[in-house]
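Reader: Hi! I'm in my first year and still learning to look at aromatic rings in proteins. Could you take me closely through one pair of rings, and then show me what surrounds the picture?

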Amino acid sequence: MYTGIILHVCNKMAFVIGSYTMHFFLGRYLSEQQYGVIGTIITIINFEYIFFTDGVRQGMARSISAMKYEEKRLIRLGVLVQLGMIAVFFSGTYFGAPFLAGVLGDISLAPYIRGVACLLPFTGLYSLMLGILNGHKAFGAEAGIGIIYPILKLSVIPAILFVFRDPVIGTEAGFLFAGALTMLLSFWQVFRRKKEFHLYGEKISASEYMRTTLNYLLLFCVSTIMMNLDTLILKSVSGSDELVGYYTGVATFAKVPYFLLTAFYTVALPIVTGNYVAGELEKAREAIRDLTLVIVGLVLPVAAVISAASTHILALFYRPSFRAGGGALSFLSFAIAFLGMTLVFTMVLSAADKKRFIAGLSVGMLLMELMLCPVLTRYASLTGTAAATFLTAGAGMLISAAYTGKVFGAFWTKKHTLLLAGNLAAYVLMFFAFRRITIKNFFLLAGLCALCYLLLAAFAALCLGLVGRLLELLSSKNR
C-alpha cells in the first residue's frame with residue numbers, strides 16, 4: 001500500500017510543480033484581467049472534466065479490483081459508455097457555447113468555450129485507461145503517466161509566447177497537446193497488460209456498471225463543483241475579471257493539499273475494497289487508521305503552512321496586488337483539505353457499498369454550498385467565497401468520518417488526537433508570526449515555508465514514535 005502511495009505522491013508533486021510553473025508564467029506574463037479570463041476557462045474545463053475523470057476512473061477501478069466480472073466485457077462496456085458521454089457533452093459544450101457565455105455575462109467567451117469541447121475526447125479516454133490500470137494495482141504505470149501529463153501541459157508556455165497571439169487559445173492548445181499524447185500512452189500501457197485481464201466471472205450488465213459509475217460520478221461532481229463553483233459565483237456576483245484573477249491565484253495554491261490527498265484515495269480504494277470483499281474488516285480498519293495518521297501528520301501541515309503564509313505567497317508568487325486574496329487563501333487552503341478528506345472517507349465507504357449515504361452527503365454538501373456561497377460572497381467578497389467552501393467541506397468531512405467509524409469500527413486513536421492538537425498549536429503560532437514579518441523574496445519565503453513544514457513533519461514522526469513506545473510500555477505493564 002505504501003509503495004502505491006509514494007508513487008502517487010510523486011505523481012501529484014509533479015502535477016503541482018507543473019501546474020504552478022504554468023500559473024507562475026500566466027500570472028506574471030498576463031494582466032489580472034487576462035488571467036481572470038483564463039481562470040474562467042480553466043474552471044469550465046474542470047467542470048467538463050468531472051464527467052470523464054475521477055468518477056469514471058474510480059468506478060472502473062472498483063469493478064476490476066472486485067475480481068467479480070469478466071474483464072473484457074467490462075472494458076468494452078466502459079469504453080462505449082464513455083464515448084456516449086463524450087458525444088453528449090461535446091455537443092452540449094460546442095453548440096451551447098453562446099448560452100454558457102451569456103450565463104456568465106460575457107458573450108466574448110463563446111469561442112473559447114467551443115475550444116474546451118475539443119479537449120473532452122482525449123481526457124475522457126485517458127481517464128478510463130487510468131481506471132483500468134488502478135484496478136490492476138499497476139500504480140507505477142498509472143503514476144508514471146500522471147507525471148508525464150503536467151510536463152506536457154507546460155507546452156502552454158511556448159504556445160502563448162511563440163505560436164498564438166491570444167493567450168486563451170494558447171492555453172487550450174497546450175491542454176490539447178498534453179491530453180492527446182497521454183491518451184495514446186495510457187492506451188499502450190493497458191494493451192501491454194491484456195494478458196492479466198480477468199477472463200472468467202459474471203458478465204456485468206450495463207445497469208450495474210452505470211450504477212457503480214454514477215455513484216462515484218455524483219461524489220466527484222460535487223467535489224469538483226465545489227472547487228470551481230465558487231469562482232463562477234464570484235464572477236457572476238462581482239462581474240469583475242480582476243477579482244476572478246485574484247481568486248484564480250488563491251485557488252491555485254489552495255488545491256495543493258487536495259492534489260496530495262488524491263494519492264491516498266486512489267490507492268486506498270482498491271485495497272480497502274479487496275479487504276472488505278474478502279471479509280477482512282480488521283485489515284480494512286487498520287488501513288484506514290494508518291492512512292488517516294499519515295494524512296494528519298504529513299498532509300494537514302501543508303494546508304496549515306499555506307494558510308498561515310497566504311498573503312506573502314500570493315504577493316511574491318504573482319505581484320503585490322494579489323495580497324487582496326490573502327484572507328481567502330487562509331480559508332480555502334483548509335477548505336480544500338477538508339474536501340479531500342471527505343473524498344478519502346467516502347472512497348472508503350464506497351468499498352462497503354454505502355451508495356445512499358454517499359449520494360445523500362454529496363447532494364447535501366452541494367445545496368449547502370449553493371446557499372452559502374452567494375450570500376457570503378456579497379457580504380465579504382473573496383474571503384466570503386472561500387469561507388462558504390470552508391464551512392461546507394468541514395461539515396462534510398466530519399459527517400463522513402463519523403459514518404466511516406460506524407461502518408468499519410473506531411479508527412481514530414490517541415495518536416491522531418495528539419497530531420491534530422500539535423498541528424493546531426503550530427498553526428496559531430505560524431499565523432501570527434507570518435503577519436509580523438516582512439519577506440521580499442519568494443525563494444526565501446519558500447525556504448521558510450519548507451522549514452516550517454519539516455518541523456511539523458519531524459514533530460509527527462517524533463509523536464508517533466513516542467506514543468508507540470508509551471503504548472507498548474502500558475500494554476506490557478497490564479500483562
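Author: Happy to help; here is a close look at one ring pair, followed by the wider setting. Please keep in mind that this is a predicted model.

Let's start with how such a pair is described: we use the distance of the ring centres and the angle of the planes. For Phe90 and Tyr94, the centres are 5.9 Å apart and the planes meet at 5°. Planes under 30 degrees apart count as stacked, so this pair is stacked.

Where do Phe90 and Tyr94 sit? Both belong to helix H4, which covers residues 71-95. They are four residues apart, about one turn of the helix. As for the surface, Phe90 has 29% relative accessibility and counts as partly exposed. Tyr94, with a relative accessible area of 32%, is partly exposed too. Tyr94 also has a charged neighbour: Arg114 lies over the face of its ring, 5.8 Å from the ring centre. Elsewhere, Arg435 is placed over the face of Phe431, at 3.7 Å from that ring centre.

Now let's step back. The whole structure holds 18 aromatic pairs. Some ring pairs join up into a cluster made of Tyr246, Phe253, Phe317, Tyr318, Phe322, Phe442 and Phe443. The protein chain has 19 helices and zero strands, and 57% of its 479 residues count as buried. Finally, among contacts between residues at least 6 apart in sequence, 83% join residues at least 24 apart.

Note on methods: Residues numbered from 1 in each chain as written. Predicted model: local features only at pLDDT ≥ 70, side-chain atom pairs only at ≥ 80, totals over all residues. Heavy atoms only, no water. Phe/Tyr/Trp six-rings, centres within 6.5 Å; stacked < 30°, edge-to-face > 60°. Helix = DSSP H or I, 4+ residues; strand = E, 2+ residues; numbered from the N terminus. Buried < 20%, exposed > 50% of the residue type's maximum accessible area, 1.4 Å probe, protein only. Lys NZ or Arg CZ within 6 Å of the ring centre and 35° of its normal. Contact = heavy atoms within 4.5 Å.
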